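Me: I'd like to walk through this model with you, one question at a time. Could you show it first?

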Amino acid sequence: MNPSQIERITLSSIKDTSHLLYLQQEHDIAETHFAFFPDEAQYIYKYTRDYGEAPPAVILEANFPNFEYAPAENFEVLAAELRRSYESRVITLAYGNARRIIEENPTEAASYMMRTLSDITRPSTKQVVELSDNPLQWFDEYEKRVKQREDGEFLSIGLEPLDNRLFVSPGQFIGLLADWGVGKSYVAVKMAVKFYQQGQKVLFISPELSRSELMVRFHTILGRQWGYEFSATALTWGLPAQKEQYRKFLTELDEKKSESNQEIIVYDTGLQGNLNVGYVEGLIQKHEPDVVFIDSIQFVHDTSGVREGWMQMGKICEGLKQVASSNGKIIVATNQTNAAGDSAYSREFPRYVDILIRVSHVEDRITERNISVEKVRNGASITDTLPVVFD
């Protein structure tokens with residue numbers, strides 16, 4: 001496609017403010033970057049911000065009869081192509097203008113080239129942002145949250161007492177803390193299933209549990225959510241009374257697998273000694289999940305070279321937080337408590353997480369747990385103890 005076609009199709013493909021935000025944050029493209037359709041771009045951006053969605057084709061045709069409306073679905077591909085086209089145009093124009101003065105004043109020509117090309121060589125908005133640099137992008141982000149609230153699309157973690165009290169979003173590092181035997185892995189699986197039910201793609205890394213154990217837990221929890229009555233005990237011990245229920249559930253699971261991007265991808269004890277922060281990021285690049293679970297963080301190896309154990313844990317937590325932020329993923333990691341009830345192995349774990357959830361036993365109640373949120377980076381902690389009952 002030529003540059004004008006790329007601009008026209010990209011503008012035609014904008015659907016709502018999330019697309020405006022994507023263009024700005026991923027490719028530093030604002031309404032002022034459309035050289036071939038400047039008026040159309042200004043109109044589409046303003047209309048989308050005012051009404052939360054792009055103008056219908058009939059309105060565009062009435063205002064711009066020469067604009068050939070041609071929407072396409074692969075918006076991310078179009079956006080990347082638009083950015084390449086924009087950079088190519090800027091470089092070509094800069095070089096052409098510099099050539100006119102290069103013979104008589106090469107220093108000025110070089111200075112002109114540097115000034116002109118600085119916009120496309122500076123760090124992206126993923127790395128740096130200025131307060132006054134295209135401030136309307138923040139309105140686009142706010143509008144996206146407004147729409148999420150209206151549509152009931154804010155993410156919840158599957159622990160009912162907390163679901164309306166915690167704001168969970170991409171880029172967060174969430175910690176789940178509990179003593180041995182309380183059920184960290186069970187709670188992590190329950191959270192993973194909830195994310196899955198909300199259309200998220202989940203990567204679950206568990207060097208501690210076998211594949212069979214994990215599948216039984218995932219199937220049991222998801223099956224109960226879908227109205228099936230089989231239990232983890234029945235599946236583990238092969239109790240024959242559960243056969244029909246389990247078969248129906250697995251058939252339904254198979255039928256739903258192609259309906260959306262949602263999936264749960266499991267890495268189990270086969271990881272052995274390979275697990276480190278770089279390996280986790282590699283798995284993210286490979287599978288492109290929305291949410292990553294690491295059960296438990298003690299199995300992640302430090303590769304920084306520091307000797308002290310608490311410093312190693314700090315480097316691991318720092319690395320996972322960086323991976324969550326730079327890749328726009330939610331990372332949930334579990335960790336044990338020590339004899340004093342603090343974070344085991346290092347106090348760095350509570351320091352780096354954005355949300356710290358603690359789960360503890362309730363005396364003489366097998367299926368009940370207490371839960372509290374000791375840290376919320378973007379809000380107040382939940383200091384009161386909330387009961388959670390597990391079937």
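**From one residue to the sheet**

Me: Which residues does Thr17 touch, not counting those up to four places away in sequence?

Reply: This is a predicted model, in which local features need pLDDT of at least 70 and side-chain atom pairs count only at pLDDT 80 or more, while totals for chains, interfaces and linings use all residues. Residues are numbered from 1 along each chain as its sequence is written, and side-chain values use heavy atoms, with hydrogens and water left out. Contact means heavy atoms within 4.5 Å. Under that rule, the partners of Thr17 are Thr48, Arg49, Gly52, Asp140, Glu143 and Lys144.

Me: Does Thr17 count as buried or exposed?

Reply: Thr17 belongs to helix H2, where helices (H or I, at least four residues) and strands (E, at least two) are DSSP runs numbered from the N terminus. A residue is buried under 20% relative accessible area, exposed over 50% and partly exposed in between, using a 1.4 Å probe and protein chains only. The relative accessibility of Thr17 is 4%, so this residue is classed as buried.

Me: Which helices are among those covering the buried residues of H3?

Reply: Helix H3 (residues 38-51) buries Glu40, Ala41, Ile44, Tyr45, Tyr47, Thr48 and Arg49. What covers them includes helix H1 (3-13), helix H2 (17-27), helix H4 (57-63) and helix H7 (136-150).

Me: How far apart are the end C-alpha atoms of H3?

Reply: The expected span of a helix is 1.5 Å times one less than its number of residues. For the 14 residues of H3 that predicts 20 Å, and the model agrees, because its end C-alpha atoms are separated by 20 Å.

Me: In what order do the strands of the open sheet lie?

Reply: The chain has 14 helices and eight strands. Strands count as paired if DSSP finds at least two bridges between them. The open sheet has eight strands with mixed pairing, and their order is E3-E2-E4-E5-E1-E6-E7-E8.

Me: Which strands stand at the edges of that sheet?

Reply: An edge strand here has a single partner strand, so one of its sides is left without a neighbour in the sheet. That describes strand E3 (263-267) and strand E8 (382-389).

Me: Which handedness does the β-α-β unit of E4, H13 and E5 have?

Reply: Strand E4 (residues 291-294) runs parallel to strand E5 (residues 330-336), joined by four bridges; Val292 pairs with Ile331 and Ile294 with Ala333. Helix H13 (residues 309-327) completes the unit with these two strands. A crossover is right-handed if, with the strands pointing away from the viewer, the path from the first strand over the helix to the second runs clockwise. This unit is right-handed.

Me: How many residues of E5 are buried?

Reply: In a regular strand the side chains alternate between the two faces of the sheet. In E5, Ile330, Val332, Thr334 and Gln336 lie on one side and Ile331, Ala333 and Asn335 on the other, with both faces covered. E5 is largely enclosed by the rest of the structure, because the buried count is seven of the seven residues.

Me: Which residue of E6 is the bridge partner of Ile174?

Reply: Strand E1 (residues 173-178) pairs in the parallel sense with E5 over six bridges and with strand E6 (residues 355-361) over five. On the E5 side, Ile174 stands opposite Val332 and Ala178 opposite Gln336. On the E6 side, the partner of Ile174 is Ile355.

Me: Which elements do the buried residues of H9 pack against?

Reply: Helix H9 (residues 211-225) buries Leu214, Val216, Phe218, His219, Thr220, Ile221, Leu222 and Gly223. These residues pack against helix H8 (184-197), E2, helix H10 (232-237), helix H11 (243-256) and E3.

Me: Where in the chain is confidence highest?

Reply: pLDDT is the predictor's confidence in each residue, from 0 to 100, and the chain averages 87, with 95% of the residues scoring at least 70. Confidence is lowest in helix H6 (residues 106-121), at a mean of 76. The highest value, 97, belongs to E4.
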